[in-house]
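Please take a moment with the sequence and the model before reading on. The paragraphs below then lead through the structure step by step.

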Amino acid sequence: MDVILHGLTDAQTDAVTHIDGPLLILAGPGSGKTRVVTHRIAYMIRQGVPPSQIAALTFTNKAADEMRARVEHLAPGKAVWMGTFHRFCAQLLRRYASMVGLTENYSIYDSSDAKQAMKRAIEAADISTSHTSPEQIATTISNAKNRLVTAEMMMAGNKRSGPTMAAKVYPVYQQQLLTANAVDFDDLLLHVALLLKEHPELRQELDSRFRYILVDEYQDTNLAQYAIVRGLSIDHPNLSVTGDPDQSIYGWRGADINNILDFEKDYPSVKTVRLEQNYRSTPNILRAADQLIRHNRRRKNKELYTHNDEGDAVTLRIYDNGYEEADGIVDEIANAIAVEGLRPRDFAILYRMNALSRSIEHSMRRRNLPYQIINGLEFYQRKEIKDLLAYMHLINNPKHDVALQRVINTPTRGIGTKTIAYLRSHADRHGITMLEAARRVDQIDGLAKRSATAVKRFVDLYDHLAIKATATLEDLIRSIVEETKYEEHLLKTVVDGQDSSAVANVDEFITAGVEFDRYHPDDGSLELFLEQTALVADTDAFEDNTDRVTVMTLHAAKGLEFPRVFVIGVEDGLLPHSRSKDTDSGFEEERRLLFVGITRAKERLQLSCCKSRTMRGESRPAISSPFFNELPLDEMRRVESEFERNWFDDDSQDDYPESWDLPDEDEEDDNFGSEAAASVKETEQPPFDESCQLPEEELKELVAKTKKKAKPVMGLKTAADLMSGASTTPVTAYREGNWVRHGEHGEGRIVSVTGRGPKRTATIRFDDGEHRFRLAFCELELIDS
DNA sequence: GTCCCCCTTTTCACT
DNA sequence: AAAGGGGGAC
């Protein structure tokens, strides 16, 4: 038997050897889907399909990379197009830009660029936002784009009641994007979909250029994506899609689960293959997943089964609060590594919201466990990186107004909001870009001469930098940094008492440029670099060949697997999320999300919730998720921290379990930050205890440095921290009632805590009386919380 | 025009 | 908790 077909089950072989005609692969979690897809590509090539006629579309670069690596292994050196939908479209659009009114150096706005542009459009459309918010309008327009609704269609849509706010803003926003030679994420898909629809000859050409199309995660495609693959599969309907309706979790992004549920209707001659055997999880885990997902009404039934060993019971666990949850789990991981010889890479901690990563991160640091957090605020979102990128964007695409507004006064050069507003309105009035307006600054009435001079100076600077547009990236970035005196600017403004991480980030960015230069010696271009940075996804940051605990959202975890998985915050309002639980479809999607989380686990799984959780600065009682009652509780291990109690009495038939009683008097944790603590009058406080403070000079300096956005030293070194090196205990861990140790006064109990941020102070009662400390800048050791 | 402080708002997941 | 906006001081 050959390497391509060896070791495949009958169903898998069926799928792999299907070449022509539509194919639907319904693949349950852990059913070897990627294996089937990659082997199929290799098989197709071996059967004579030219690799250049194959395109494999995925949702993340990571998935594409993995696919590429595996195909390369089976069929070395074959140039199959693999990548994300967005990248596929970006490249097509690059080529056919003029057909939609763009030029090939168009820019891709990221979400914050788009937000800025949206605000400007709302302003220009002269819409009052009293009954709606820019976010709402943006969401409405985004949804419209995902459903292939154009501005004209939306305008025509509601003739009776007159156009909605969003319908009025949409054409303005779109026009401004065109003027800026830019697209937003949704446009990448929309433009290409419309291109295929409106230009039959182009559609035909591309259809035969990409005769074989494979789509991964088909359950997550939206109408625009559907239209694109459909348009490319009319003359050559060799479309194969892979997916699992039970793992559809992107409805909020316009994904239409009907695309996969109705695939057989769209392509009557389809061959359907079901992959239901699971090679990943233990029966215990699979049963939990299966029983949960059976509660969804709108689904295709699927029998999941596995021949794996029984394994351990799934654990359900209640913690008192988020800190204990984080500490408990991290301790357990550390323990398992020490005792059972597991590796950090064997573990994943998953949650619904990025906000939950904070406590985990603290605990990880304290335990000195290596971890990787895959979350939103990544490198390219950092202010200093966005600044430099904006310069590059503007150089690549002089029409990029958002970039211009970002850099025109960064570093500050005397061009304030007023002047920028003049430029903007002049640009809007004459239908030109803001850079053009800046060049004609003399024609703008009412602008102070001084401002005009500053603007001219900026234009000169820009023109000087623009010479470097075709230089290497390293050269370009270094020029920008030097000629704008960017690092001096950083040192002046971003002096957060913390460190010089901003400058370090700039260095790292230069390194990224150097690497790009090396990786693209010939085809390297500013354009390509900017496209790549615009289209990197959070999940792309995941590294699977590193030995670290993975911490990420349930969404980001799709497609991955880990021997041991912890899903935290399985609470009502969190999972299901309060914004999603009110509609049936939303609620079912949340259930699928938990299903995805559960099925990431190979050997062991714990789902946990807390009795109280601190969110957005305040602690509130939490209720366990209604999904708990949909699990096979009888066979699961149920643990409550502190004392074992059999929760979920068998007679509780309610859909929603009751909330647990709040902790009793001894536990004042939940009063933290409460009115009582905050209302203590400052004047009645004893003066600061200088013995705990840094020397006054130093303190003043630190306080002075602690500017608005800067991250002050918001933590205290504890003895344990000092031993382990880097990390600190968050100031918020110092609450009323907790015991601390101080070098001079000995042990004391925190009487009250007032103030926020760096001004947070604590009054502590020691044997020698009460003393008051400014928490952010003194060293206390937390001994008992 | 710029900087800084204070107040208000925010509500999720991601390309 | 964190970011953005408004208003006041220089």
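## A guided reading of the model

Of the 14 residues of helix H9, 11 are buried, so this helix is largely enclosed by the rest of the structure. The model in which this helix sits is a predicted one, and the values given here should be read with that in mind. Helix H9 runs over residues 185-198, and from its first C-alpha to its last it reaches 21 Å, which is close to the 20 Å expected at 1.5 Å a residue. The buried residues of H9 are Asp186, Asp187, Leu188, Leu189, Leu190, His191, Val192, Ala193, Leu194, Leu195 and Leu196. At the start of the helix, a side-chain oxygen of Asp184 comes to within 3.1 Å of the backbone nitrogen of Asp186, and Asp186 is itself among the buried residues of H9.

Helix H4, which covers residues 85-95, can be read in the same manner: 8 of its 11 residues are buried, so H4 too is largely enclosed by the rest of the structure. The buried residues here are Phe85, Arg87, Phe88, Cys89, Ala90, Leu92, Leu93 and Arg94. The last named of these, Arg94, leads on to the next topic, since Arg94 is also one of the residues that line the second largest cavity.

Rolling a probe the size of a water molecule over the atoms shows where empty space is left. In this structure there are 2 cavities of 30 Å³ or more, and the second largest cavity holds about 40 Å³ of space. Its lining is made up of Arg94, Tyr106, Ser107, Ile108, His393, Asn396, Glu527, Leu530 and Glu531. Three elements, strand S4 (107-108), helix H17 (383-396) and helix H25 (526-535), each supply at least two residues of this lining, and the largest share, 3 residues, comes from H25. By class, the lining of the second largest cavity divides into 3 nonpolar, 3 polar and 3 charged residues.

From this enclosed space the reader can turn to the surface that faces the nucleic acid. DNA strand B is surrounded by 31 residues, and the closest of them are Arg352, Gly414, Gly416, Lys418 and Arg616. Among the atoms of DNA strand B that come within 4 Å of the protein, sugar and phosphate account for 51%. The surface near DNA strand B has 8 nonpolar, 14 polar and 9 charged residues, and helix H19 (417-430) and helix H26 (554-557) each supply at least two of the residues found there.

Which parts of DNA strand B do individual residues approach? A backbone N or O atom of Gly416 lies 3.0 Å from a phosphate oxygen of DNA strand B, while a polar side-chain atom of Thr553 lies 2.9 Å from a phosphate oxygen of that strand. At Ser580, by contrast, an N or O atom of the side chain is 3.4 Å from a base nitrogen of DNA strand B.

Some details of the backbone also deserve attention. Most residues other than glycine have a negative phi, and most peptide bonds are trans. Thr410 and Pro411, however, are joined by a cis peptide bond with omega about -5°, and Pro411 lies in the loop between helix H18 (401-407) and H19. The peptide bond from Leu575 to Pro576 is likewise cis, with omega near 10°, and Pro576 is found in the loop between strand S15 (562-567) and helix H27 (584-598).

Leu148 is not a glycine, yet its phi is positive, at about 65°; this residue has its place in the loop between helix H6 (134-146) and helix H7 (151-157). With a relative accessible area of 17%, Leu148 is buried. Glu217, also not a glycine, has a positive phi of about 50° and is found in the loop between strand S6 (212-215) and helix H11 (223-231). Glu217 is buried as well, with a relative accessible area of 11%.

The walk ends at Lys611, whose place is in strand S16, residues 601-615. Is this lysine buried or exposed? At 12% relative accessibility, Lys611 counts as buried, because buried means under 20%. The side chain of Lys611 makes a polar contact with the side chain of Asp320 at 3.2 Å, and another with the side chain of Glu640 at 2.9 Å. Although Lys611 and Asn321 are 290 residues apart along the chain, their C-alpha atoms are separated by 5.9 Å.

How values were computed:
Residues are numbered from 1 along each chain as its sequence is written. Chains are lettered from A and ligands numbered from 1 in the order in which they are written. This is a predicted model: local features need pLDDT of at least 70, side-chain atom pairs count only at pLDDT 80 or more; totals for chains, interfaces and linings use all residues. Side-chain values use heavy atoms; hydrogens and water are left out. A residue is near a molecule or strand if one of its heavy atoms lies within 4 Å of it. A polar contact is a pair of N or O atoms within 3.5 Å; within protein, one must be able to donate a hydrogen and the other to accept it, and residues adjacent in sequence count only if both atoms are side-chain atoms. Helices (H or I, at least four residues) and strands (E, at least two) are DSSP runs, numbered from the N terminus. Ala, Val, Leu, Ile, Met, Phe, Trp, Tyr, Cys and Pro count as nonpolar, Asp, Glu, Lys and Arg as charged, and the others, Gly among them, as polar. The expected span of a helix is 1.5 Å times one less than its number of residues. Buried means under 20% relative accessible area, exposed over 50%, partly exposed in between (1.4 Å probe, protein chains only). On a 1 Å grid over the protein atoms alone, a cavity is a set of points where a 1.4 Å probe fits but cannot get out, and a pocket is an open set with protein on both sides within 12 Å along at least five of seven lines; lining residues have an atom within 4 Å of a point. Grid points are joined across faces, edges and corners, and a volume is the space filled by probe spheres set on the points.
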